Amino acid sequence: MNPLHIAARHGPYVLLAGLIAGLLLPGLAQPMRPLLPPMVVLLLFVTVLRMQPESILGSIRHLPQVIAIVVALQLALPLLVLAGGAAGAWIGSPVLFALLVMTAAPSIAGSPNLCRMMGHSPEFALRLLVVGTALLPLTMAPVFWLAPELGSFSAVLWAAGKLLITISLATAVAITLRKTMLRTPSEDTELSLEGLANITLAVFVVGLMPSVSESLLMDTGQALFWIVFVCVVNFGAQVVFFKLTQFRLPPASATAVSVISANRNIALFFVALPPDVTAPIMVFIGAYQIPMYLTPLVMRWLYQRGPKPTGQ
């Protein structure tokens with residue numbers, strides 16, 4: 001009856017409970033917000049602590065592949081969105097702006113955890129998270145030049161730099177602890193760490209949902225539009241990228257690429273944007289959490305049924 005073990009065994013439902021609490025109890029968001037940065041650190045620390053240190057970054061020969069995937073996701077994809085927006089005369093529309101913010105951002109910090117919940121090892125997702133955050137200054141430069149409405153380039157660089165330092169420190173401390181005090185964790189310890197990570201993710205979302213709750217009360221039609229829109233885009237992107245990668249990458253890597261293709265750290269950009277720019281898509285920011293937290297429940301069928309690739 002250990003609550004951490006229960007949370008470990010029912011991770012997708014723990015995330016669902018956090019999502020529902022965030023929607024129904026918006027008053028909890030205000031006291032939760034100061035805790036959001038420490039929870040990101042805790043989530044990264046616990047995720048890395050559960051991995052074998054030797055497999056975290058992988059061999060050097062895999063680095064070109066990781067870089068190529070990051071460039072495709074964070075540079076080629078937003079440029080494709082921009083080209084489509086220009087062709088359809090949608091430049092300046094809230095929908096195009098939301099898509100641009102989503103595709104230009106690096107992976108969310110919780111992507112390794114989402115992969116683990118769906119039965120795949122999290123190492124490749126962590127590599128994409130680290131490399132994607134490190135390369136963000138390079139990948140976003142052309143996007144910012146072509147779409148100046150994204151805001152201050154230097155402010156985003158500063159936010160990305162702080163996140164990269166946070167990831168590096170949390171990873172270093174976790175690896176040190178794993179190599180010294182936790183070389184062979186027991187099954188109970190593994191379950192407790194997994195449960196702690198799942199609960200941290202569930203609590204984290206409570207602080208991000210008030211904009212959706214308020215919008216549902218004030219303008220139900222607009223809120224439902226953004227919720228449907230972001231669910232279609234998120235789940236649709238995961239299906240497309242999984243179909244593109246399932247025969248080209250090992251299952252865990254294909255899952256990581258597909259999950260990260262749709263679940264990005266859009267908060268990095270909103271530190272740089274003035275309120276009058278973000279106002280039209282504030283509901284999108286909150287609604288974005290819904291498919292993210294539903295991914296282990298909704299998309300598990302896809303990632304667990306795919307045929308094995310021919311080469312590893």
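Modeller: A crossing of two helices is left-handed if the near helix is turned anticlockwise from the far one by less than a right angle, and right-handed if clockwise. Keep that in mind as we look at this model, which is predicted.

Colleague: Thanks! What is the handedness of the crossing of α6 and α12?

Modeller: The crossing of α6 and α12 is right-handed. Nine residues' worth of names may help you find the place: P94, V95, A98, L99 and M102 on the α6 side touch F225, W226, F229 and V233 on the α12 side. Sorted by class, this contact of α6 with α12 holds nine nonpolar residues, with no polar and no charged ones.

Colleague: At what angle do α6 and α12 pack, and how far apart are their axes?

Modeller: Helix α6 covers residues 94-104 and helix α12 covers residues 220-245; they pack at about 40°, and their axes are 12 Å apart. Angles under 35 degrees count as roughly parallel, and 65 to 115 as roughly perpendicular. The pair α6 and α12 is therefore oblique.

Colleague: Some of those α12 residues are aromatic. How should I read a pair of rings?

Modeller: A pair of aromatic rings is described by how far apart the centres are and by the angle of the planes. In this model the count comes to six aromatic pairs. Take F225 and F229: their ring centres are 6.0 Å apart and their planes are at 15°, so this pair is stacked.

Colleague: Where do F225 and F229 lie, and how many residues apart are they?

Modeller: Both F225 and F229 are in helix α12, four residues apart, which is about one turn of the helix. They also belong to one aromatic cluster, made up of F225, W226, F229, F284 and Y288.

Colleague: Is F229 buried or exposed?

Modeller: F229 has a relative accessible area of 15%, so F229 is buried. F225, with 42% relative accessibility, counts as partly exposed.

Colleague: Let's move to another helix. How does α2 pack with α10?

Modeller: Helix α2 (residues 11-24) and helix α10 (residues 187-206) meet at an angle of about 20°, and their axes are 7 Å apart. They are therefore roughly parallel. The crossing of α2 with α10 is right-handed. On α2 the contact uses G11, V14, L15, G18, L19, A21 and G22, and on α10 it uses N198, I199, L201, A202, V205 and V206. By class, the contact of α2 with α10 has nine nonpolar and four polar residues, and no charged ones.

Colleague: While we are on α10, which residues does V203 contact, leaving aside its neighbours within four places in sequence?

Modeller: With those neighbours within four places left aside, V203 is in contact with M32 and M39. V203 sits in helix α10, and at 30% relative accessibility V203 counts as partly exposed. For a sense of scale, V203 and F247 are 44 residues apart along the chain, and their C-alpha atoms are separated by 36 Å.

Colleague: And how does α2 pack with α17?

Modeller: Helix α17 spans residues 289-298, and α2 packs with α17 at an angle of about 155°, with axes 8 Å apart. That makes α2 roughly antiparallel to α17. Here α2 passes α17 in a left-handed crossing. The contact is made by P12, Y13, L15, L16 and L19 of α2, together with Q289, I290, Y293, L294, P296 and L297 of α17. Its residues divide into 10 nonpolar, one polar and no charged.

Definitions and conventions:
Residues numbered from 1 in each chain as written. Predicted model: local features only at pLDDT ≥ 70, side-chain atom pairs only at ≥ 80, totals over all residues. Heavy atoms only, no water. Axes fitted to C-alpha atoms, helices over the stretch in contact; angles between N-to-C directions. Helix = DSSP H or I, 4+ residues; strand = E, 2+ residues; numbered from the N terminus. Parallel < 35°, antiparallel > 145°, perpendicular 65-115°, else oblique. Contact = heavy atoms within 4.5 Å. Nonpolar A, V, L, I, M, F, W, Y, C, P; charged D, E, K, R; others polar. Phe/Tyr/Trp six-rings, centres within 6.5 Å; stacked < 30°, edge-to-face > 60°. Buried < 20%, exposed > 50% of the residue type's maximum accessible area, 1.4 Å probe, protein only.
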